[in-house]
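Please work through the following exercises with the structure open beside the text, and try each task before reading its solution.

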Amino acid sequence: MANTFTAVVKQQWEKGLQRNLEKHLVAMELATMKIVADGTVLNIPRLAFQSVGNYTKYTNVVIPGLTTANDTLTIDKIEMITFAMDKIDIGDNYINILPKATMNAGYKLKQAIDGAFLNQYSNAANVYNVNGLNGAVGAPVVLVTGGSQNLSAVFGDSQAKLINDGVDINNIALVVDSVVMNTINTLGLENGFQVADEAYLTKVARGYKGRFLGMEVYLATNLTSTAVLDLATQPTANDTITIAGQVFTFVSSIGTTPGNVLIGANVDATRVSLAALINAPGTTTATGVALTDPSKFASFITAVDSPSGDTLTVTSKAGRFTPRSVMTNAANDWQAETIHCMVMEKGSIWMALRNNVTVDERDEPLKLVTNYLIYTRYGITTVQEGKDRMVDLQIQATPAEA
């Protein structure tokens with residue numbers, strides 16, 4: 001008979017904490033940064049162009065008035081991360097966790113700002129999709145390399161539109177995620193050059209990866225991506241969907257497995273329960289079990305139910321989330337995922353930070369506990385002239401499920 005000594009076997013502990021996966025942040029490189037020292041609102045006036053007219057000799061002209069308008073940049077967002085530490089734990093732990101916890105919190109707050117900044121794609125006056133530049137609303141465009149490559153049209157036509165409208169040709173940025181960046185590099189290799197060579201040599205700016213078609217290319221990992229789940233028929237127990245690697249399982253009895261979603265009285269109720277868990281990933285309710293790692297979802301991935309359309313729209317401000325489903329009814333499936341890249345004049349989006357990231361320590365009166373409140377205040381806006389200087393590139397990230 002074999003002995004079982006599991007409980008008494010010696011164990012060793014690494015004298016450090018594991019590294020976190022951290023994404024590239026680019027907002028500071030692309031924004032018009034402003035300081036709002038007093039109050040919370042910065043007014044940004046603009047002057048409309050005057051119309052050109054003809055003059056007839058000896059004839060009075062009509063002199064119209066000059067027209068001004070105003071945009072505002074408001075510091076109206078406060079993001080916060082909290083945790084508590086007891087001094088007894090600080091004394092007992094052989095690893096000082098506090099600096100790492102504080103650093104992680106600061107990074108997540110900056111990632112949230114990056115996601116909010118890149119989400120301004122929705123204000124772009126120009127859109128490129130499967131119907132071309134500023135065509136009809138449609139599906140995202142699929143990038144193709146090789147002999148039938150369409151990158152020159154997708155990116156080149158967007159750049160040309162901005163240049164034609166008067167954007168500074170020397171200040172245009174192409175903002176893409178790592179997958180699109182790889183596609184651009186693939187096209188470069190096919191044509192005998194490496195797009196990112198300049199970036200490897202200079203390494204000047206955060207996220208800067210070289211030039212393509214004369215544009216500065218920036219790698220952003222917090223671009224917005226969206227996908228629609230068709231869910232018109234009640235799922236069967238143990239059907240699943242996957243979002244950003246997290247499996248959500250539809251169940252007839254809630255249980256305790258993270259990601260479980262209770263099948264409701266009808267499919268509308270089921271979608272509402274699914275949306276509730278996605279939007280509050282750290283909270284267990286009667287219809288959903290909290291996720292093991294809610295930090296991947298909180299402030300980054302949200303869901304909106306459409307009862308009339310029998311759909312659930314999922315939006316990620318942390319890049320692609322690669323949706324998948326395993327459903328008994330094949331009609332319950334995902335439409336194509338769209339990643340919103342951008343061609344823009346740098347500075348089109350305005351941003352203001354108040355105090356960057358602040359750590360506020362609060363000692364509890366009757367405990368040896370310190371509460372750490374780590375927060376940042378900021379505001380983001382795209383002024384009218386900025387909207388005209390941006391193109392929302394709607395690129396297919398994941399194909400629609402059959």
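**Exercise 1.** Determine which strands helix H3 lies across, and at what angle it runs to E20.

*Solution.* In this predicted model, begin with helix H3, residues 97–118, and follow it over the strands beneath: it lies across E4, strand E19 (349–363) and E20, and its direction makes an angle of about 20 degrees with that of E20.

**Exercise 2.** Work out the order of the strands in the open sheet, and explain why E1 and E4 each have one side without a neighbour.

*Solution.* First, set out the four strands, which follow the order E1-E19-E20-E4 with mixed pairing. Next, look at the edges, where strand E1 (32–34) and strand E4 (77–86) each have a single partner strand, so that one side of each is left without a neighbour in the sheet. Neighbouring strands are turned against each other by 25 degrees on average, direction ignored. Finally, take the pair formed by E4 and strand E20 (residues 369–382), which is antiparallel over 10 bridges; within it, Glu 79 stands opposite Thr 376 of E20.

**Exercise 3.** Identify the residues with the most contacts inside the largest nonpolar core, and list the contacts of Ile 395 beyond its neighbours within four places in sequence.

*Solution.* The largest nonpolar core contains 50 residues, and those with the most contacts inside it are Phe 117, Phe 155, Leu 174, Leu 393 and Ile 395. Once neighbours within four places are set aside, Ile 395 is in contact with Pro 140, Val 141, Leu 143, Phe 155, Val 180, Glu 337, Thr 338, Ile 339 and Cys 341. Another core, of 26 residues, lies apart and includes Leu 229, Leu 277, Phe 297 and Phe 321.

Note on methods. Residues numbered from 1 in each chain as written. Predicted model: local features only at pLDDT ≥ 70, side-chain atom pairs only at ≥ 80, totals over all residues. Heavy atoms only, no water. Pairing = 2+ DSSP bridges. Helix = DSSP H or I, 4+ residues; strand = E, 2+ residues; numbered from the N terminus. Axes fitted to C-alpha atoms, helices over the stretch in contact; angles between N-to-C directions. Contact = heavy atoms within 4.5 Å. Core = buried A, V, L, I, M, F, W, Y, C linked by side-chain atoms within 4.5 Å. Buried < 20%, exposed > 50% of the residue type's maximum accessible area, 1.4 Å probe, protein only.
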